[in-house]
Amino acid sequence: MKNRVSSGVMNMRRDTDVLLDEKRIFKPSVETVERAHVKNWETELEKGKDFKKYWAEKAEQFEWFQQWDEVLDESNKPFYKWFVNGKINLTYNAVDRWLDTDKRNQVAILYTNERGHERKITYYELYREVNKLANAFKNLGVKKGDRVSMYLPMCPELLISMLACARIGAIHSVVYSGLSVGAFVERVNDAKAKVLLTADGTFRRGKVIDLKKISDEAILQCPSVETVIVVKHTGTPIEISELSGREIFYERLIEGEPAECDPEPMDSEDPLFILYTSGSTGKPKGVLHTTAGYMVGVATTTKYIFDIHNDDLWWCTGDIGWITGHSYAIYGPLLLGTTTLIYEGAPDYPDPGVWWSIIEKYGVTKFYTAPTAIRHLMRFGSKYTRLYNLSSLRILGTVGEPINPEAWMWFYKNIGKEKAPIMDTWWQTETGMHLISPLPSAPLKPGSATMAFPGIDADIVDEDGNSVPLGKGGYLVIKNPWPSMFRTLYKDEQRFQDVYWNQIPGVYKAGDMARKDEDGYFWIQGRSDDVLKIAGHRVGTAEVESAFVSHPAVAEAAVIGKADPVKGQVIKAFLILKEGYQLKTKLIEDLKKHVRYELGPVAVLGEIEQVETLPKTRSGKIMRRVLRARESGEDVGDTSTLEE
Ligand code: PRX
């Protein structure tokens, strides 16, 4: 099965044409290099060539209950196994390990929100909280391998509950709190979660969003859930039906639970979590990560790319509902014993200086965010940035989509004050950890994620897997396994093989187009499949289409991405309406509400257009590339398979 380069990529190429002219190079300061764990980037890349040895050395830095026999088992590709027969517990390494050190009473989680509330939890306190909840989970009958879902805001209980799962070997499956009923039901049912954690609400732009209401509605359609644990987070008065035996408040649940719970010795390959993400079809993919490899990959990349030291204060703005939050707001920083700042709120509320005020207030040293947020905040120029002292910042990072050089330069000058280098990290839910990224000692080019991390063999190839010449675009692939690679798609091994491993034989096909320049630097151009990137979030066109057709007025729908200066892309929908319906203001509003109800605010609708027909192949597949080309005024290309 081979995909042709679609014209969606051609659209993106227009934006990336600008990148072809980008020749500026920014070298790291002497101070940055002197502090860095990796002082010479090239030497580290060289070391990574013996990738099994490289990762084994990193793995040795953790505490194992039982040493592994073999670093990598490649006997059943693509079902790779890392650190074979090793026994380890992630929470032991992320929490207990620090109790006998001077980090014991250091802050592990620093939570703050748009109302200025603050909670600080030390490593010792975190240990107790995780264990209490782990014991409570056990009392509810949660066993190793059972799934626990979370539909929680960015709050300490979300981190605690994920760690409590890892403590006892339950598999966590976080549902992003910005997703709505339809998406929630689909994910919780696919995972067959036994327990769900939710909250009274979440703070957003001066309001409280009622998460419990969404959860109540969704849970009616989730028969596997035996217990709902409700966190009192916003303090909104809510009632729960404790008598039903199904609902219980978090604080009551952990009341009287002992603060000691032995960590479950997990096999290296035991599952740690499932995280759902969008693909080309309507059904979200349950990306499955396992224990030891994930731990080693995530901790190593956090340490080297963000150069973590004892005096750091780390802030990753990514929501915990996505992979960025899993790997780099929780696991990476805690595995290194650093303080992770968790912020609940929008970047521009109460005003667009709120993030910069937090950096000043707490003295954040490492700041990791998304290009869409930077593009949003740069519209205010230096009006807000100059009000705050940002001199504590040493390293900046971006993730989620390509960063345009203009946004890169604004971030570099206004936030990093031309001292803090920017780590443009390319990776995915599936990869678990950064795969292409600079290290702080590398020369940077605005808009390029630079080179593959040590131990990673990345390349740009054509459909047959042949490397393309430097400067030419092609498919981004990874040619060797890496420890935090996902192991499968939950309950769908066939799709795992078909989508990622069987398209270009022998390599991992990432689903992105990219090119390498004359210095070997990677420039990511965008997705090669029917996945949109809206404000850095992955949204599948098929998911949006099925949300549309579940509305009574819609007969057929086709959805494409439309370029947006801040969000990267928004949705453009072409709809065939049923007899008697006209696309008037009331119906447009109704459709927007409906899609929001099904998918949540991540599905940002730009335009809706009523059409009489949709371009289809003779077998009835919608040709989105024809719609994309028409929309952007480009040549439609080969239409021989188009049905008349
Ligand atoms: O298209 C690439 C883009 O985000 C996709 C992965 O999305 P997701 O699984 O939601 O994970 C996002 C956070 C890791 C990739 O296939 N992407 C991610 N990082 C970058 C990027 N595109 C360009 N540059 C990046 N640094």
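These notes concern the strand order of one sheet, the helices that lie against it, and one further helix, all in a predicted model.

1. The sheet is an open one, in which seven strands follow the order 5-4-17-16-18-19-20 and the pairing is mixed. Strand 5 (118-122) and strand 20 (422-425) form the edges, and because each has a single partner strand, one side of each is left without a neighbour in the sheet. On average, and with direction ignored, neighbouring strands of this sheet are turned by 20 degrees against each other.

2. Within this order, strand 16 (residues 313-316) and strand 17 (residues 339-344) run parallel and are joined by three bridges. A point of reference for the register is W314, which stands opposite T340 in strand 17.

3. Helix 12 (residues 323-335) packs on the sheet, where it touches strand 4 (107-113), strand 16, strand 17, strand 18 (366-369) and strand 19 (395-399). The direction of helix 12 makes about 165 degrees with that of strand 16.

4. Helix 15 (residues 405-415) lies across strand 18, strand 19 and strand 20, and runs at about 155 degrees to strand 19.

5. Turning to helix 9 (residues 211-219), its buried residues are L211, K212, I214, S215, A218 and I219. Viewed down the axis of helix 9, these buried residues fall within an arc of 160 degrees, and they therefore line one face of the helix. As general background, an α-helix has 3.6 residues a turn, so residues three or four places apart point the same way.

6. The N-terminal end of helix 9 is capped by D210, a side-chain oxygen of which lies 3.2 Å from the backbone nitrogen of K212; K212 is itself among the buried residues of this helix.

Notes: Residues numbered from 1 in each chain as written. Predicted model: local features only at pLDDT ≥ 70, side-chain atom pairs only at ≥ 80, totals over all residues. Heavy atoms only, no water. Pairing = 2+ DSSP bridges. Helix = DSSP H or I, 4+ residues; strand = E, 2+ residues; numbered from the N terminus. Axes fitted to C-alpha atoms, helices over the stretch in contact; angles between N-to-C directions. Contact = heavy atoms within 4.5 Å. Buried < 20%, exposed > 50% of the residue type's maximum accessible area, 1.4 Å probe, protein only. Arc of directions from axis to C-beta. Polar contact = N/O pair within 3.5 Å; in protein donor to acceptor, adjacent residues only side chain to side chain.
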